[in-house]
Each structure stands twice: as structure tokens, then as C-alpha cells.
Amino acid sequence: GDARRVFDRMPVRDRVAWNALVAGYARNGLAGAAMEMVVRMQEEDGERPDSVTLVSVLPACADAQALRACREVHGFAVRAGFDELVNVSTAILDVYCKCGAVEVARAVFDRMPGKNSVSWNAMIKGYAENGDATEALALFKRMVGEGVDVTDVSVLAALHACGELGYLDEGRRVHELLMRIGLESNVSVMNALITMYSKCKRTDLAAQVFDEVRYKTRISWNAMILGCTQNGRSEDAVRLFSRMQLKNVKPDSFTLVSVIPALADISDPLQARWIHGYSIRMHLDQDVYVLTALIDMYAKCGRVSIARSLFKSARERHVITWNAMIHGYGSHGFGKVAVELFEEMKSSGRVPNETTFLSVLSACSHAGLVDEGRKYFSSMNEDYGLEPGMEHYGTMVDLLGRAGKLDEAWSFIQKMPVDPGISVYGAMLGACKLHKNVELAEESAQRIFELGPDEGVYHVLLANIYANASMWKDVARVRTAMEKKGLQKTPGWSIVQLKNEIHTFYSGSTNHQQAKDIYARLAKLIEEIKAVGYVPDTDSIHDVEDDVKAQLLNTHSEKLAIAYGLIRTSPGTTIQIKKNLRVCNDCHNATKLISLVTGREIIMRDIQRFHHFKDGKCSCGDYW
């Protein structure tokens, strides 16, 4: 303002004065005023813009996302011959990148008679920020190959690209390069290195870099916490968060959004309440991203009613907030409530995105709402112009398959406009097991094996389908194929958290310090539920005698976890356990009856959804 008043009082204004004001407006975020001054300098004083004017106003065009204005400046630069100047052409290509016109920027870059490191940096960064990690990395390698001076800007873009692509080896080469040119003391570069290694699923290397950073910023802590969370190292993420506080580094909203999903994964309601209280004390609880993370966390901790209370209290509801609540209801089997909320979302004027539709389709699948699912899948493209992704197709197959409509599900797969992925055929294979359809199971499994899965879960699923049909030669064939490929069955485990201690149980495990008491309580439980009608469901166990089958079922990990929870908690306390696989039919039936004879509510989170057992019934209505 002061600069403008001085400018207005000047009896004579030259180009230098106009340029100074253009640059001042641009630097202070007043893009419209900067562009207006360029027009006025020509109209009022007849001053013709020079290269300094162009370099000053172009960042304002970028801030305002004014692509048309950028084109006008570009045209003027070409006519005036300023495009021969490296700083002008660099500024032009930078604005094109920031306005999303990367191909035009590349054409400007390729036509430049001379390029400096700033030009290369702008183009590489432009590719990285516009989602073309492959081209960003290719151009960075070309820059290095041509001997152009590499700076922190190009290294940051290259590390971002390596992380997005998951290129660990390339990332390590960039790491070696930045060490050679002395960037290891640049904390921004080291933070980017932590993020890159985390995205390449090497949190061990990320932790090494983190430990080597002498002066850690909040961003350093955030990057490491997020890396642990995204790679399933939830307890490490929480420990880092605690260390961060001990170091007197003040968390921000990004910190909370990074650590809250880790607590959601741990699923401890006590810790959930603690982090919620902490966010209130830090005055971050109404940040839309923190609030959304809290809603998601409470839903994943089995407290969907608290999640809904938070949702109602939200001053601002972003699309991700609606998505979290819809998904929360769906994962708990409240499909009709999820559908009602989805309709409310549309009525409020909020436009659903791809994740919204995935959440509502999943909710329909868990609740058996086939007609609603079909309607929403069609609406996705017809009403909102959204193209379904592989996950949407897989969820539709799951919806139809669970409902027993296997022929329709298979026909749906055949008509897909894209090649079906493992998740689609995997959903079909799961439905075939549920409804004992060997023929379609073989077709689905064959397609899955052609796609080369890394895990043995699909082989196990097919072997179980054969075993249920007493096709023992085929069972042996599948098991042999697993051995040849080095694939193993994922061991089932269940955890129960009591007084900040996590207790993990595997099927038949006896290494717990209270194993004797656990098995004694479990034996008593089995007798109690048999008295009210429990009959072991031995269909899932093969190759052994019936009495051995019952014995194996009785030592499943979830039963051990429940027995331990009963021993360690007082009457009336809700027991919550988490399981890494789908709960089997026998454990589901047994847990319903355990809730009846003990008068306890038992919340079980398996790999697919939540089950709330109470008074001999389950929230899923035996549809899962």
C-alpha cells in the first residue's frame, strides 16, 4: 500500500517504477493487481513491457491459474524476441506447468536455445507436480547425464517421482548423488528422502535417514510417522508421536492426520479417546481432515455411534468426511443407514467422488442390498461421469456373489470394459466358496493364477473348495503347486488389547504365560455353549477324524483371545478383538453363543468388517 501511494504521487513514472510495482504485487499474492498494472503501464504511460516486466508478471499468472493471460504474455514475448532469453522462457514454461499445461511447457523447454539448471528444475518439478513421475525421473536422469548442475529443487522432484513410482533402486541412486553434491545437510531434501523410502516400503531405510537428520523439523517427524502408518507399523508410529512430544516439537494437523490412522489400525478405544482429547486441547478437532480421521478411527475401533456424533458436530463436511461416515456404517453392517446417509449427502449438494461410491457399494455388499448396489453402480457414470475403477468392479462382483447370483456376477466380469484384476476374480472365488460352485471357482482361480499373485490365499481358497466337494486329488494338486511356487498359507491370528498391552494369539498357540488358564476357561465355555445348542461346524477342516476336527476348531485364535478377555476383564465389560482373516463359520456361531451365556458384548473386527455379538445374535445377521 505504501509503495502504491509513493508510485501514485510520482510526477513521472518510468518502466523501472512500473516493474517494481508489478513485482511487488506479484510477490505479495495480489495476482490480479499485478496483471492489471501491466495493462495500465501500456495504456496510461505508453511504456512497453520489457523482459523484467514479463518475468515479474508471469508468477502472478501462475498464482491466478490464468492460462489465457500466460498465453498472451508468451505471444508478446515471442513477438518481441524476449523468448530467446533463458529467464523469460523458464518463467513461461514454469507458469504453463503450474496451470497444468505440461505438454505446452515441454514444447517451450525443447525449443529453448540455451537452458540453465533453473530451466531443467522447472520442467522436472512441473512433471512431478502434475503427476507424471515417469517423465520427471527420465528428464532428471537426462539432466544428470548432460552434466547440468543438480540442485535441491531437481533432487526433491526426483525423490518425489521415485516414491510415486516405487522405484527403490532409482531412489537409492538419487540418494547417492545428493550425498556426493553435499545436500545431506538440507533438511528438506532429507525429509523427501524419508518419504521416498517409506513409499518404496522400506521404512527401515527411512528410519536410518531420520536418525541421521541432526536438526529435525516438524515435517521430518510427520514424514516418519506417516511412513510407519502407511506401511502397517502402527505401534512404531504411535511411539514416534510420543517421542516427538518429549522433544517438545509441537504437532500440527498433519501430524494428527498421520498418527490417528495408526491408532485406528490398533483399534484400542482408550487410545482413541486419548488422541481425540489431545486434538481438542490442541484446538485441532474442528480441522476437517483431523475430524475426518477421528470419525474413521472411532468407526474402526468399533465405536460407530461416537463417530456419528462427531460427524453431526462437524462445522464443515468435506466429501472425505461423508465418505468416512458412510464407510464406517458399511463396515459395521449397517448398510441401510449408509445408503440413507449417501442420499442425505446428495441432497445437501455435496458431489460424491469415486471413494464415496466405493464406500456405498461396499455397504450394499455387506448388507445384501443388491438392487441398491446395481442402481448406484450405474449412477456413478450416468449421473456423475465417474469411471469405475478395479475396486468398484470387484465390489460389484462381491455384492452379486454374496447374494448367490454367481451367473450374473460372472457375466458382469465378462462384460467389463477393462481387463479384470486379481481383486475381481478373488471376489468371485470367495463367492464360489460360499455357495460351493466348483466350476466357476476353477475358472476364477485359473485367471488369478495367470496374473501371478504374490500370496497363497487364493490357492488355499481353491483347495478348500475342492475339499468341501471331496475332490482330494485336486486338493493335493493345488497344495503341490503352492509348494513349487514357494507360497504359504497366511497364519491366522487374533489380538486383544488390555491395559495398553497387546496380546496376540495364533491357532493352537500355547506360549502365552496364562495358556493353562486360557485353555481351561475355553473348555468350560465350550461346554456352556454346547448346553445351549452349539454344534461344531467341521466343514472347513479336512483330512482328520471328527473328534480331532472339533479339537482344532476349539483352538482357533479368536476363541483363545475371547477366553483371555473373559479371564482378564470384569463381568459386563465389552471384549474387543481384531483378526487378520475372515472369521470362520464355526467361530462366528460359537461367539454368538458365548455372548449369550456370558452376558458380554463381543466386538470382532476381521479383515472384511465388524461383527457385534450380543445376546446370542450378530449385527451382520449371519450375512457376511
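Buried means under 20% relative accessible area and exposed means over 50%, with partly exposed in between. The exercises below use these cut-offs on a predicted model.

**Exercise 1. Two residues with positive phi**

Task: Determine whether D615 is buried or exposed, and do the same for S267.

Solution:
- Step 1. Locate D615: it sits in the loop between β5 (610-614) and β6 (617-618).
- Step 2. Check the backbone: D615 is not a glycine, yet its phi is positive, about 55°.
- Step 3. Apply the cut-off: the relative accessible area of D615 is 53%, and exposed means over 50%, so D615 is exposed.
- Step 4. Turn to S267, which is in the loop between α16 (253-266) and α17 (269-281). S267 also is not a glycine and has a positive phi, about 65°.
- Step 5. The relative accessible area of S267 is 9%, and buried means under 20%, so S267 is buried.

**Exercise 2. The overall frame**

Task: State how many helices and strands the protein has, and what share of its residues counts as buried.

Solution:
- Step 1. The secondary structure amounts to 33 helices and six strands.
- Step 2. The protein has 624 residues, of which 51% count as buried.
- Step 3. For the extent, take the principal axes: the C-alpha atoms fill a box of roughly 100 × 55 × 50 Å.
- Step 4. For the contacts, take pairs of residues at least 6 apart in sequence: 62% of these contacts join residues at least 24 apart.

**Exercise 3. Helix α3**

Task: Compare the span of α3 with the span expected at 1.5 Å a residue, and find which helices its buried residues pack against.

Solution:
- Step 1. Helix α3 covers residues 31-44, which is 14 residues.
- Step 2. From first C-alpha to last, α3 reaches 20 Å, close to the expected 20 Å.
- Step 3. The buried residues of α3 are A31, A34, M35, M37, V38, R40 and M41.
- Step 4. These buried residues pack against α1 (2-9), α2 (15-27), α4 (51-63) and α5 (67-80).
- Step 5. After α3 comes G46, with a positive phi near 65°.

**Exercise 4. The pair α2 and α4**

Task: Classify the packing of α2 and α4 from their angle.

Solution:
- Step 1. The angle between α2 and α4 is about 20°, and their axes are 9 Å apart.
- Step 2. Angles under 35 degrees count as roughly parallel, so α2 is roughly parallel to α4.
- Step 3. The crossing of α2 past α4 is left-handed.
- Step 4. On the α2 side the contact uses R15, N19, V22, A23 and A26; on the α4 side it uses V52, T53, S56, V57, A60 and D63.
- Step 5. Sorted by class, the residues of this contact are six nonpolar, three polar and two charged.

**Exercise 5. The pair α18 and α20**

Task: Classify the packing of α18 (residues 288-300) and α20 (residues 319-331).

Solution:
- Step 1. The two helices pack at about 5°, with axes 9 Å apart.
- Step 2. α18 and α20 are therefore roughly parallel to each other.
- Step 3. α18 contributes V288, Y289, T292, I295, D296 and A299 to the contact, and α20 contributes I320, T321, A324, M325 and G328.
- Step 4. The contact of α18 with α20 holds seven nonpolar, three polar and one charged residues.

**Exercise 6. The pair α26 and α27**

Task: Classify the packing of α26 (residues 422-435) and α27 (residues 438-450).

Solution:
- Step 1. The angle is about 155°, and the axes are 9 Å apart.
- Step 2. Angles over 145 degrees count as roughly antiparallel, so α26 is roughly antiparallel to α27.
- Step 3. α26 and α27 have a left-handed crossing.
- Step 4. From α26, the residues I422, Y425, G426, M428, L429 and C432 meet L440, A441, S444, A445, R447 and I448 of α27.
- Step 5. The class count for the contact of α26 with α27 is nine nonpolar, two polar and one charged.

**Exercise 7. Two buried residues in helices**

Task: Leaving aside neighbours within four places in sequence, list the contacts of L522 and of S154.

Solution:
- Step 1. L522 belongs to helix α30 (residues 515-530) and is buried, at 3% relative accessibility.
- Step 2. Beyond those neighbours, L522 is in contact with N554, K559, L560 and A563.
- Step 3. L522 and N554 are 32 residues apart along the chain, and 7.8 Å separates their C-alpha atoms.
- Step 4. S154 belongs to helix α10 (residues 152-165) and is buried, at 0% relative accessibility.
- Step 5. With the same neighbours left aside, S154 is in contact with N121, I124, F140 and M143.

Technical notes: Residues numbered from 1 in each chain as written. Predicted model: local features only at pLDDT ≥ 70, side-chain atom pairs only at ≥ 80, totals over all residues. Heavy atoms only, no water. Helix = DSSP H or I, 4+ residues; strand = E, 2+ residues; numbered from the N terminus. Expected span 1.5 Å × (residues − 1). Buried < 20%, exposed > 50% of the residue type's maximum accessible area, 1.4 Å probe, protein only. Contact = heavy atoms within 4.5 Å. Axes fitted to C-alpha atoms, helices over the stretch in contact; angles between N-to-C directions. Parallel < 35°, antiparallel > 145°, perpendicular 65-115°, else oblique. Left-handed = near helix turned anticlockwise from the far one by under 90°. Nonpolar A, V, L, I, M, F, W, Y, C, P; charged D, E, K, R; others polar.
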